[in-house]
Amino acid sequence: MTAVVHRYVAALNASDLEGIVALYADDATVEDPVGSAVQNGIEAIRAFYANSLKLALKVELTGEVRAVANEAAFAFTVSFEYQGRKTLIAPIDHFRFNDAGKVVSMRAFFGQQNIHAA
């Protein structure tokens, strides 16, 4: 699970859409951020990340990956520039895995208080 998190971060940094999508099970869900509309299934997830990757992202883990049973949580930062404004978001993501090692659920925990001018 820790290796999957590291592949996820590397794929985000490389704008590797197919690399990200390959980490997910076909019936996975993404809720990013928690409380927003849930993306259901691989095609919705692909569209979600395709939109996210329109910006060049710099993603860095800010601590250890916490992995136990079939779940992992990790804190990280996402930096990007949009319309000349630099922004940093500091979420904690939670992945749940199936027996094949694919992500079946991703939830991103962050709110307005975790979004900063960079």
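**Surroundings of Asp93 and Ile89**

In the unreviewed UniProt entry, Asp93 carries the annotation "binding site". The model described here is predicted. Asp93 belongs to strand S7, which spans residues 92-97. The relative accessibility of Asp93 is 1%. Buried means under 20% relative accessible area, so Asp93 counts as buried.

The contacts of Asp93 were then examined, with neighbours within four places in sequence left aside. On the N-terminal side of the sequence, Asp93 is in contact with Tyr8, Ala72, Ala73, Phe74 and Phe76. Further along the chain, its partners include Met106, Arg107, Ala108 and Phe109.

Ile89 was considered next. This residue lies in strand S6, made up of residues 85-89. Ile89 has a relative accessible area of 14% and is therefore buried. Residues up to four places away in sequence were again not counted for Ile89. Beyond them, Ile89 touches Phe76, Thr77, Val78 and Phe80, as well as Phe110, Asn114 and Ile115. Phe76 is thus a partner of Ile89 and also of Asp93. Arg66 offers a point of reference for distance. Ile89 and Arg66 are separated by 23 residues in sequence. In space, their C-alpha atoms are 20 Å apart.

A domain annotation comes from the record as well. The unreviewed UniProt entry assigns "domain: SnoaL-like" to residues 5-105. Within this span, 25% is helix and 43% is strand. The C-alpha atoms at its two ends lie 13 Å apart.

Note on methods. Residues numbered from 1 in each chain as written. Predicted model: local features only at pLDDT ≥ 70, side-chain atom pairs only at ≥ 80, totals over all residues. Heavy atoms only, no water. UniProt positions renumbered as here; feature names shortened; annotations may be inferred. Helix = DSSP H or I, 4+ residues; strand = E, 2+ residues; numbered from the N terminus. Buried < 20%, exposed > 50% of the residue type's maximum accessible area, 1.4 Å probe, protein only. Contact = heavy atoms within 4.5 Å.
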